[in-house]
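Me: I have a structure to go through with you, and I would like to know what stands behind each label. Could you set the values against the cut-offs as we go?

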Amino acid sequence: MHVIRNPDSCPRDAAGCGVTIGAYDGLHLGHRAVIDRTRAEAEAVGAATAVVTFDRHPASVVRPESAPKLLTTLDQKLELLEDAGVDYVYVVEFDERRAKEGADEFVEEVLVDCLRARVVVVGSDFHFGRDRTGNVALLTELGARHGFRAIGLDLLSQGDGRPSVVSSTAIRAAVAEGDVVAASRMLGRPLEVRGIVAEGDKRGRTIGFPTANVMVPGQVAMPADSVYAGWYVRPNGAIWPAAINLGRRPTFYEHADDSLLEAHLIGFEGDLYGEQASVRFVEQLRGEVRFDGLDALAAQLRKDVADSARLLASRTPGT
């Protein structure tokens, strides 16, 4: 997969590209359906498949006070797009200038001049350009002028009788409630966050439950404070079952400004400090509780670890 970050690295494919455009935060099942259709349309005309996305969520520039938390960082998104079989990803630097750019300017610069679009596939609710004036109708009009066909796809339903569509907004809502099962179902994979393992107060090891304190960037969407069963993935690809505590540790602190992600790797012994960790949430076990002393806490942790191990034993590691 070739990543384009400026016009100098635009593809030279004479056949052009089938293109889809979007923030693609989370790269969920709905996004995958659009990308699959884009690839099929591109293959039908002998073209490459390209995704146009952004280096940050556009809302972080247009309306920063209400910008959503991210389901995937840019690095994660690029990895997922490569797994989806995309040939090119144009990462647009979304800044104030880009936010003020007209929809027709964006089409000419990115879709026509750079990617030589043959077909453009987007969701039916897609909007782009200054004041969100661009939509499927405008893409269709501009396509007739520039030689590409525009296709607007209906949003993917959750299925199983669920009324709502699969969307990044719906996934964020599930994550905020701690419903990582629903979030993972819509994502098509376990909800995953990443961060560097930092030194903590090392209290866990004194009661037999050492943890990796994973420092997740503040712009990333995190589940509700709770205890979860999940997986810890090391940089070398090794996957460990884990009991994950996400919360403000009320047993030790009356008030804490931020929640802390602590993962106890079941059966692991060793040093994790400084490594880039990936934590995948499988299922919520219980809410956060304040305990009356270390003995009560240790007893509950033993149960949390046993529950996590039992739940994960029947699953393929990492899923």
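Reply: Gladly! This is a predicted model, and a good place to begin is the disulfide that joins Cys 10 to Cys 114, S to S 2.1 Å.

Me: What makes the pair Cys 10 and Cys 114 a disulfide?

Reply: The sulfur atoms are 2.1 Å apart, and the cut-off is within 2.5 Å, so the pair counts as a disulfide. By this rule the count comes to one disulfide.

Me: Why is the disulfide of Cys 10 and Cys 114 called left-handed or right-handed?

Reply: The torsion about its S-S bond is about -115°, so the disulfide is left-handed.

Me: Which parts of the chain does the pair link?

Reply: Distant ones: Cys 10 sits in the loop between β1 (2–4) and β2 (17–21), while Cys 114 belongs to helix α5, with their positions 104 residues apart. Cys 10 and Cys 114 are both buried.

Me: How do you know that Cys 17 is in no disulfide?

Reply: For Cys 17 the nearest cysteine sulfur is that of Cys 114, 8.0 Å away. A disulfide needs sulfur atoms within 2.5 Å, so Cys 17 does not qualify.

Me: And is Cys 17 buried or exposed?

Reply: Its relative accessible area is 1%. Buried means under 20%, so Cys 17 is buried.

Me: Let's turn to α5. What is its span, and how does that compare with the expected one?

Reply: Helix α5 covers residues 103–114, twelve residues, and reaches 15 Å from its first C-alpha to its last, close to the 16 Å expected at 1.5 Å a residue. Just after α5, Arg 116 takes a positive phi of about 50°.

Me: Which residues of α5 are buried, and how do you know that they line one face of the helix?

Reply: The buried ones are Ala 103, Phe 106, Val 107, Val 110, Leu 111 and Cys 114. Seen down the axis of α5, they fall within an arc of 145°, so they line one face. A general point helps here: an α-helix has 3.6 residues a turn, so residues three or four places apart point the same way.

Me: Now the rings. How many aromatic pairs are there in the whole structure?

Reply: A search finds five. One of them is Phe 54 with Phe 94.

Me: Why is the pair of Phe 54 and Phe 94 called edge-to-face?

Reply: The centres are 5.6 Å apart, within the 6.5 Å limit, so the rings pair. Their planes are 85° apart, and over 60 degrees counts as edge-to-face, so the label fits. Phe 54 is in strand β3 (residues 48–54) and Phe 94 in the loop between β4 (88–92) and α4 (96–99), 40 residues apart. Both Phe 54 and Phe 94 are buried.

Me: What makes the pair of Phe 106 and Phe 128 tilted?

Reply: Here the centres are 6.0 Å apart and the planes 55°. That angle is neither under 30 nor over 60 degrees, so the pair is tilted. Phe 106 lies in helix α5, and Phe 128 in the loop between β5 (117–123) and α6 (136–146), 22 residues apart.

Me: How do you know that Phe 106 and Phe 128 are buried?

Reply: Phe 106 has a relative accessible area of 6%, and Phe 128 is at 8%. The limit is under 20%, so both residues count as buried. Ring pairs also link Phe 106, Phe 126 and Phe 128 into a cluster.

How values were computed. Residues are numbered from 1 along each chain as its sequence is written. This is a predicted model: local features need pLDDT of at least 70, side-chain atom pairs count only at pLDDT 80 or more; totals for chains, interfaces and linings use all residues. Side-chain values use heavy atoms; hydrogens and water are left out. Helices (H or I, at least four residues) and strands (E, at least two) are DSSP runs, numbered from the N terminus. The expected span of a helix is 1.5 Å times one less than its number of residues. Buried means under 20% relative accessible area, exposed over 50%, partly exposed in between (1.4 Å probe, protein chains only). The arc is that of the directions from the helix axis to the C-beta atoms.
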